[in-house]
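Welcome, and please open your viewer. We will take a short walk through a protein model, one selection at a time.

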Amino acid sequence: MKNKFTNIIIGGSGFVGSVLCRELAKKHESVLSIVNSKNPELKNISQEICDVSDTPKLSKLLKGGENVFILVGQIHPDFLIKNELKMIKNIISSIDASSTKKIFYFSSIRVYGEINQKVQENSQCRPLDEYGKFKLESEKLFSKFNIPVIIVRLTNIYGTPQNKGFIGIVYDKIFSKQEIKI
């Protein structure tokens, strides 16, 4: 049975995913957020709890979705590349290639490693850490599709307190009127 959602977001309860859900909904797009746990801030967004290792359930949820946004693969205390890649492979095997028109995979600028110049799309990738290596390997897994795969390499985003990067630290210091040393 085909689902009624055009846009399916895997990992839609996080900072970027929840913003994406809300923005698509504002444009009157049909949105399904596949999550580990529901985000209470997404009251008007359909959310389904699904562990991405449950391939049959994930396949059913993805069936009929035209746009699939993949925002999973975060650094956490139990982070292991092989486990994270297995999760990505489960997602890839669950995508309905007959209905999916575009896949959006959210990667990281960390695939480039340390560089001393402006990053270009064709800059050489030399990840230095496990997370950068994982994201680059994940990107390669998506090359098997005959449908467009858009890789979005995010840089330093501002999010919730648990995932604040440089921008979040600077904002906190500004708002609390603390000295900023760079």
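## Begin at strand E5

Keep in mind that this model is predicted. Select strand E5, a mostly covered strand: 6 of its 7 residues are buried. You will find E5 at residues 102-108.

Now look at what lies beside E5. Strand E6 pairs with E5 in the parallel sense, over 6 bridges. Two spots are worth labelling here. Ile 103 stands opposite Val 149 in E6, and Ser 107 stands opposite Arg 153, again in E6.

Next, add strand E4, which covers residues 67-70. E4 and E5 are also paired in the parallel sense, this time over 4 bridges. Label Phe 69 and you will see Phe 104 of E5 opposite.

## Step back to the whole sheet

In what order do the 6 strands of the open sheet stand? Read across, the order is E3-E2-E1-E4-E5-E6, and the pairing is parallel. Colour strand E3 (46-49) and strand E6 (149-154) to mark the edges. Each of these two has a single partner strand, so one of its sides is left without a neighbour in the sheet. Turn the view and follow the twist: on average, neighbouring strands are turned by 20 degrees against each other, direction ignored.

## On to strand E1

Select strand E1, residues 7-10. Which residues cover the two faces of E1? Asn 7 and Ile 9 lie on one side, Ile 8 and Ile 10 lie on the other, and all of them are buried. Both faces of E1 are therefore covered, with buried meaning under 20% relative accessible area.

Show strand E2 (31-35) as well. E1 and E2 pair in the parallel sense over 4 bridges. One pair to pick out is Ile 10 with its bridge partner in E2, Ile 34.

## Add a helix

Turn on helix H1, residues 15-26. H1 lies across E1, E2, E4, E5 and E6. Compare its direction with that of E1: the helix runs at about 170 degrees to that strand.

## Finish at a pocket

For the last stop, select Ile 109, Tyr 112, Val 119, Glu 121, Glu 139, Ile 151, Arg 153 and Thr 155, which line the second largest pocket. About 170 Å³ of space lies in this pocket. Colour the lining by class and you get 4 nonpolar, 1 polar and 3 charged residues. You have already met Arg 153, the residue opposite Ser 107.

Technical notes:
Residues are numbered from 1 along each chain as its sequence is written. This is a predicted model: local features need pLDDT of at least 70, side-chain atom pairs count only at pLDDT 80 or more; totals for chains, interfaces and linings use all residues. Side-chain values use heavy atoms; hydrogens and water are left out. Two strands pair if DSSP finds at least two bridges between them. Axes are lines fitted to C-alpha atoms, for helices over the stretch in contact, and angles run from 0 to 180 degrees between N-to-C directions. Contact means heavy atoms within 4.5 Å. On a 1 Å grid over the protein atoms alone, a cavity is a set of points where a 1.4 Å probe fits but cannot get out, and a pocket is an open set with protein on both sides within 12 Å along at least five of seven lines; lining residues have an atom within 4 Å of a point. Grid points are joined across faces, edges and corners, and a volume is the space filled by probe spheres set on the points. Ala, Val, Leu, Ile, Met, Phe, Trp, Tyr, Cys and Pro count as nonpolar, Asp, Glu, Lys and Arg as charged, and the others, Gly among them, as polar. Buried means under 20% relative accessible area, exposed over 50%, partly exposed in between (1.4 Å probe, protein chains only).
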